[in-house]
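Me: I would like to go through this structure step by step, beginning with its helices. Could you take me through it?

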Amino acid sequence: MHRIGLTGGIGSGKTTVAGLLAEHGAVIIDADAIARDVVEPGMPALSLLALEFGDDIVRSDGSLDRGALAARAFRDTDGTQRLNAIMHPLIREESQRRLAEAPDTCIVVYDMPLLFETGQQDLVDEVVVVDVPEDLQVERAVGLRGLEEVDVRRRMQAQWSRSERLSGADHVIDNSGDLEATKRQVDELWTILSGDPG
Ligand code: ATP
């Protein structure tokens, strides 16, 4: 099995590149989906979060009240750190389990926005960084994904800088051009990855 970590800043094009890799036959493990799955009703994360942030972040039907949690956790950096201290190990553990479960013969792509920030590059054999200039990140995240510019910039502040990310990359996809240009690079990358013994 060949394990590839796919990362990049907000709005860089991770989802787009993951989709192109999936067309080639890669198995995608989506860290954002795992982050949602681990707070499903009945999962241990919920009781840990309730202990830390108060019982009323869990609704009477057992589901997470995301608004209530965000109001407590994102009030200050301490709250954010306490939330991360609960969530990151759980996401890592579940990601590791899913990576181990993937068929031996496949190329598995772990799509993780905070791969470096959470030190998870050691879960994978190689890292692919999707790269665009910061202004284009903002333009796409605001114009195409409909996010607020102030939120995008705040999230960029909390993520590694472009140069830090690039220095950790084994492969870089330059997604600043059109989709055709990105597709060509992904095709080339796939040839390289398929040829690697893993
Ligand atoms: P997020 O971090 O917000 O989840 P992401 O890194 O997964 O974002 P995408 O959702 O793939 O990024 O791309 C952001 C937006 O930019 C999407 O609307 C996508 O369709 C568009 N986009 C991605 N790549 C290109 C490109 N090469 N040219 C034009 N638009 C693009």
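Reply: Certainly. In this predicted model, helix H6 (residues 134-143) packs against helix H7 (residues 149-158) at an angle of about 135 degrees, and their axes are 9 Å apart. Because angles over 145 degrees count as roughly antiparallel and 65 to 115 as roughly perpendicular, H6 is oblique to H7.

Me: And what is the handedness of the crossing of H6 and H7?

Reply: The crossing of H6 and H7 is right-handed.

Me: Which residues make that contact?

Reply: H6 contributes Glu 134, Asp 135, Gln 137, Val 138, Ala 141 and Val 142. From H7 come Glu 149, Val 152, Arg 153 and Met 156. By class, the contact of H6 with H7 has five nonpolar residues, four charged and one polar.

Me: Which residues of H6 are buried?

Reply: They are Leu 136, Gln 137, Val 138, Arg 140 and Ala 141. Among the elements covering these buried residues are H7 and helix H8 (162-167).

Me: Let us turn to the sheet. What is the order of the strands?

Reply: The order is E2-E3-E1-E4-E5, in an open sheet of five strands with parallel pairing. Strand E2 (27-30) and E5 are at the edges with a single partner strand each, so one side of each has no neighbour in the sheet. On average, neighbouring strands of this sheet are turned by 25 degrees against each other, direction ignored.

Me: How many bridges join E4 to E5?

Reply: Four bridges join strand E4 (residues 126-131) to E5, and the two strands run parallel. Asp 131 stands opposite Asp 174 in E5.

Me: Where do the side chains of E5 point?

Reply: They alternate along strand E5 (residues 171-174). His 171 and Ile 173 point to one face and are buried, whereas Val 172 and Asp 174 point to the other and are not buried. In general, side chains in a regular strand alternate between the two faces of the sheet.

Me: One more helix: which strands does H5 lie across?

Reply: Helix H5 (residues 77-101) lies across strand E1 (2-7), E2 and strand E3 (107-111). H5 runs at about 165 degrees to E3.

Conventions:
Residues numbered from 1 in each chain as written. Predicted model: local features only at pLDDT ≥ 70, side-chain atom pairs only at ≥ 80, totals over all residues. Heavy atoms only, no water. Axes fitted to C-alpha atoms, helices over the stretch in contact; angles between N-to-C directions. Parallel < 35°, antiparallel > 145°, perpendicular 65-115°, else oblique. Left-handed = near helix turned anticlockwise from the far one by under 90°. Contact = heavy atoms within 4.5 Å. Nonpolar A, V, L, I, M, F, W, Y, C, P; charged D, E, K, R; others polar. Buried < 20%, exposed > 50% of the residue type's maximum accessible area, 1.4 Å probe, protein only. Pairing = 2+ DSSP bridges.
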